[in-house]
Amino acid sequence: MQSVSSKQPKRTLNLSSVGKRTKFDSTWKTARLDSVASVGSGVTLGKDLSGHPTVELPYLRVENVQAGFLDLSEIKTVRVRPDEVANYLLESGDVLMTEGGDIDKLGRGAIWKGAIQPCLHQNHIFRVRPNPEVLDPRFLESIICCDIGRRYFFRIAKRTTNLASINKTQLRAFELPLPPIDEQRAIAAILDAADVSIDRIREMFHQARELRRALVTTEIDKLGGIPVRLEGFIAEITYGTSQASNDRAIGYPTLRIPNVVGDGLDLTDLSHVEAPQKHVARYGLTSGDLLLVRTNGNPTYIGRSVVFRPPSDATWFYASYLIRVRLKDGLVPEYVDEYLRTERGRKELFRRVTTSAGNYNINSRNVSSLLVPVPSETEQWRIVQLAGAANGLVATLKRRVSAAEKLKRGLMQDLLVEKDHGRAMMEVGRK
């Protein structure tokens, strides 16, 4: 185990200069993570426990651990042997980190504050338990989320197409800056104040989404009548291209799962596919195409949908993990999209979801058999317009969350990786 080593230039802490360049007068040290914290793995799901006494306890999944916060809206339970509980039991102050997933979410982490007692964590989440005498968990969370941590995890990760993962050995070897504990706590206090503001805006955003969902659900429930199978309104249903994509903007812009799983079409992470002209007829999107996620390891992503309306004059493709549905006249694609977002629509879809090798799946046959209430087109558009009005509030609050998070990242940059100290720590991340 590597001991703490002194490597950094002196800087002085000035708490009155929040948002400005901040200097520290103490000598910042560096330390391997395993010299200042213990790192543990979680419970493996699906183990054969027949013949053993068990207890059923709540546990955290990858979906619960977000970047800088925990989403506890859905908590599942797992059966474990009583003598194993201590191995996986969370304690307040533990920093939770994801083992892998989408590349942009690699190594995301958040602090466990004991909201549920007792609570375990699954094996795809690392539990980092700092030594409180030398490492503040809030400071560690900040280091993980800033450029120092992100660069290290990106560099050492094992990568496949759009996915990446790290192991416990790599996490233990993470070398982080280690100012004196009082200085860590001062930095954490500043960032905590920013988090309070972000949490408030984020809560308003979630409430607006729920309001939107409730409005649409109420209007659809009023319709009555007998739902009909979607297949009667489908002109064409196909899967997307499996051609390798690139991030060099060469070829056709191609929509993938990350572009679909938000509140609408998200183009912040866009890939391209080089393909011959003859593929345009097969994989090219037209205005009004309904796209659905057909396979993913995260069950909440299955069946997520969006209506494609061209954001530019380019020819747009869609990837193989998406299903494209072209509807006939009489059924408005935006109306179907709104219906699939309601609890009723999600239940209708999940009745048809299958699992294989850890992935959840739907296919074109499943989608075609969906039962959908079909009012007049005038009524469909009325519901779409109602949802659109609510979407304006959701979009505004989403932008406010993003703006607040951007401000916090800038503050973290000032506090953690500014000037000479920042350049030195960047070099640590590149080694």
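Two strands count as a pair if DSSP finds at least two bridges between them. Keep that rule in mind, and remember that this is a predicted model.

**Stop 1: strand E4**

Select residues 55–60, which make up strand E4. Now add residues 120–121, strand E9. E4 and E9 pair in the parallel sense over 2 bridges, so they reach the cut-off of at least two. Zoom in on Leu60: His121 in E9 stands opposite it.

E4 also pairs with strand E5, residues 76–80. Here the two strands run antiparallel and 5 bridges join them. Pick Tyr59 and look across to E5, where Lys76 is its bridge partner.

**Stop 2: a sheet of four strands**

Next, show E3, E10, E6 and E8. These 4 strands form an open sheet, in the order E3-E10-E6-E8, with antiparallel pairing. Which strands stand at the edges? They are E3 (37–40) and E8 (109–111), and each pairs on one side only. Turn the view along the sheet: neighbouring strands are turned by 20 degrees against each other on average, direction ignored.

Now select residues 95–98 for E6 and 125–130 for E10. They pair over 4 bridges in the antiparallel sense. Val95 has Val128 in E10 as its bridge partner.

**Stop 3: helix H2 and its neighbour**

Select residues 137–145, helix H2. H2 lies across E6, E8 and E10. The helix runs at about 165 degrees to E8.

Look at the start of H2. A side-chain oxygen of Asp136 reaches to within 2.8 Å of the backbone nitrogen of Arg138. Then colour the buried residues of H2: Phe139, Leu140, Glu141, Ser142, Ile143 and Ile144.

Add helix H3, residues 147–156. At what angle do H2 and H3 pack? The angle is about 55 degrees, and the axes are 4 Å apart. H2 and H3 are therefore oblique to each other.

Show the side chains where the two helices meet. From H2, take Ile143, Ile144 and Cys145. From H3, take Asp147, Ile148, Gly149, Arg150 and Phe153. By class, the contact of H2 with H3 has 5 nonpolar, 1 polar and 2 charged residues.

**Stop 4: helix H5**

Move on to residues 181–221, helix H5. Select Glu219 in this helix. Is Glu219 buried or exposed? Its relative accessible area is 12%, so Glu219 is buried; the cut-off for buried is under 20%. The side chain of Glu219 makes a polar contact with the side chain of Arg382, at 2.6 Å. Not counting residues up to four places away in sequence, Glu219 touches Arg382, Ile383 and Leu386.

Now pick Gln207, also found in H5. Gln207 is partly exposed, with a relative accessible area of 48%. Add Val394. Gln207 and Val394 are 187 residues apart along the chain, yet their C-alpha atoms are separated by 8.9 Å.

**Stop 5: strand E19**

Select residues 290–293, strand E19. In a regular strand, side chains alternate between the two faces of the sheet. In E19, Leu290 and Leu292 are on one side, and Leu291 and Val293 are on the other. All of them are buried, and both faces of E19 are covered.

Bring in strand E21, residues 305–307. E19 and E21 pair in the antiparallel sense over 3 bridges. Val306 in E21 is the bridge partner of Leu291.

Then add strand E23, residues 322–327. E19 and E23 pair over 4 bridges, again in the antiparallel sense. Leu292 has Ile323 in E23 as its bridge partner.

**Stop 6: helices H7 and H8**

Select residues 333–341 for H7 and 343–350 for H8. They pack at an angle of about 85 degrees, with axes 4 Å apart. H7 and H8 are therefore roughly perpendicular to each other.

Show Tyr339, Leu340 and Arg341 in H7. They meet Glu343, Arg344, Gly345, Arg346, Glu348 and Leu349 in H8. This contact of H7 with H8 divides into 3 nonpolar, 1 polar and 5 charged residues.

**Last stop: a sheet of three strands**

Finally, show E20, E25 and E24. These 3 strands form an open sheet in the order E20-E25-E24, with antiparallel pairing. E20 (295–296) and E24 (354–356) stand at the edges with a single partner strand each, so one side of each is left without a neighbour in the sheet.

Select residues 359–361, strand E25. E24 and E25 pair over 3 bridges. End on Thr355, which stands opposite Tyr360 in E25.

Key: Residues are numbered from 1 along each chain as its sequence is written. This is a predicted model: local features need pLDDT of at least 70, side-chain atom pairs count only at pLDDT 80 or more; totals for chains, interfaces and linings use all residues. Side-chain values use heavy atoms; hydrogens and water are left out. Axes are lines fitted to C-alpha atoms, for helices over the stretch in contact, and angles run from 0 to 180 degrees between N-to-C directions. Contact means heavy atoms within 4.5 Å. Angles under 35 degrees count as roughly parallel, over 145 as roughly antiparallel, 65 to 115 as roughly perpendicular and the rest as oblique. Ala, Val, Leu, Ile, Met, Phe, Trp, Tyr, Cys and Pro count as nonpolar, Asp, Glu, Lys and Arg as charged, and the others, Gly among them, as polar. Buried means under 20% relative accessible area, exposed over 50%, partly exposed in between (1.4 Å probe, protein chains only). A polar contact is a pair of N or O atoms within 3.5 Å; within protein, one must be able to donate a hydrogen and the other to accept it, and residues adjacent in sequence count only if both atoms are side-chain atoms.
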